[in-house]
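Okay, thanks for coming, everyone. Let me put the structure up and then we'll walk through it together.

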Amino acid sequence: MTTIFGSGRRSGALASLLLLGLFALSGIFLTLIGAQVYVSVREDVQRDHVLQSSCSYLTGRVHGCAGAVSASEAEGIGDVLVLEEELGGDLYLTRIYLWDGNLTESFLPAFAEFDPESGEKLVEAAGFSVSEDGALLRFEVTFSGQDGHETRSFSVRKGAGQ
């Protein structure tokens with residue numbers, strides 16, 4: 001009879017160890033899944049922040065401009081947002097455009113020759129268009145990411161003096 005109880009205790013201990021191992025593997029598996037979900041959510045939040053910040057930047061530039069604001073088209077570049085500002089009696093132009101896969105900004109005196117390569121890169125973008133409809137500027141900015149392209153369309157009303 002000792003052997004029957006002894007083997008029963010061993011099989012009970014083995015079952016307990018197997019159950020403990022199953023719980024440990026389940027915990028590791030759930031931790032890995034949780035980490036993947038966290039990374040995915042963090043990347044989505046970061047991407048949305050960049051998209052929203054870029055759109056807010058364009059809106060802020062239009063609203064903050066004391067001079068004329070217009071949409072134009074430049075050869076070899078495409079659509080350009082042009083902001084005219086007078087500083088110290090001189091006229092300056094800020095141009096925002098798509099160049100080499102980036103939304104780019106150039107700030108130059110009005111008389112200076114415009115070189116699109118000399119602009120400052122704002123954010124990576126796959127497309128940019130701006131058009132005027134009276135006092136309204138319509139923007140369409142396309143961003144590329146791991147999930148493909150995402151386009152944000154929005155409109156901004158120009159100020160009273162523009």
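**Salt bridges, a pocket and one asparagine**

Let's start with Glu 132 and Lys 158, whose side chains meet in a salt bridge, 2.5 Å from N to O. That pair ties together distant parts of the chain: Glu 132 sits in strand S6, residues 127-133, while Lys 158 is in the segment after strand S8, which covers 148-157, so to speak 26 residues apart. Before I go on, please keep in mind that this is a predicted model.

Now, are the two partners buried or exposed? Glu 132 is partly exposed, at 38% relative accessible area. Lys 158, on the other hand, counts as buried, because its relative accessibility is 9% and the cut-off for buried is under 20%.

How many salt bridges are there in the whole structure? The search turns up 8. Another one is Arg 152 with Glu 150, where the closest N and O atoms are 3.2 Å apart. Glu 150 comes out as partly exposed, at 26%. And here's a nice bit: salt bridges with shared partners join Asp 44, Arg 47, Asp 48, Glu 150 and Arg 152 into one network. Within that network, Asp 48 and Arg 47 form a salt bridge, with 3.4 Å between the closest N and O atoms. Both ends get the partly exposed label: Asp 48 has a relative accessible area of 34%, and Arg 47 is at 31%.

Hang on to Arg 47, since we meet this residue again in the largest pocket. The space in there is about 460 Å³. Its lining has 19 residues, and the ones nearest the centre are Glu 43, Arg 47, Ser 144, Gly 145 and Gln 146. Which elements give two or more residues to that lining? They are helix H1 (2-64), strand S5 (120-124), strand S7 (136-145) and S8. H1 gives the most, with 7 residues. If you sort the lining by class, you get 5 nonpolar, 8 polar and 6 charged residues.

Last stop, Asn 102. You'll find this residue in strand S4, residues 102-109. Asn 102 counts as buried because its relative accessible area is 11%, and the cut-off is under 20%. What does its side chain reach? The backbone oxygen of Asp 100, at 3.2 Å. Leaving aside neighbours within four places in sequence, Asn 102 is in contact with Tyr 97, Lys 121, Val 123, Glu 124 and Ala 125.

Okay, that's my tour. Over to you.

Technical notes. Residues numbered from 1 in each chain as written. Predicted model: local features only at pLDDT ≥ 70, side-chain atom pairs only at ≥ 80, totals over all residues. Heavy atoms only, no water. Helix = DSSP H or I, 4+ residues; strand = E, 2+ residues; numbered from the N terminus. Buried < 20%, exposed > 50% of the residue type's maximum accessible area, 1.4 Å probe, protein only. Polar contact = N/O pair within 3.5 Å; in protein donor to acceptor, adjacent residues only side chain to side chain. Contact = heavy atoms within 4.5 Å. Salt bridge = Lys/Arg side-chain N within 4 Å of Asp/Glu carboxyl O. 1 Å grid on protein atoms, 1.4 Å probe; cavity = no way out; pocket = protein on both sides within 12 Å on 5 of 7 lines; lining within 4 Å. Points joined across faces, edges and corners; volume = space filled by probe spheres on them. Nonpolar A, V, L, I, M, F, W, Y, C, P; charged D, E, K, R; others polar.
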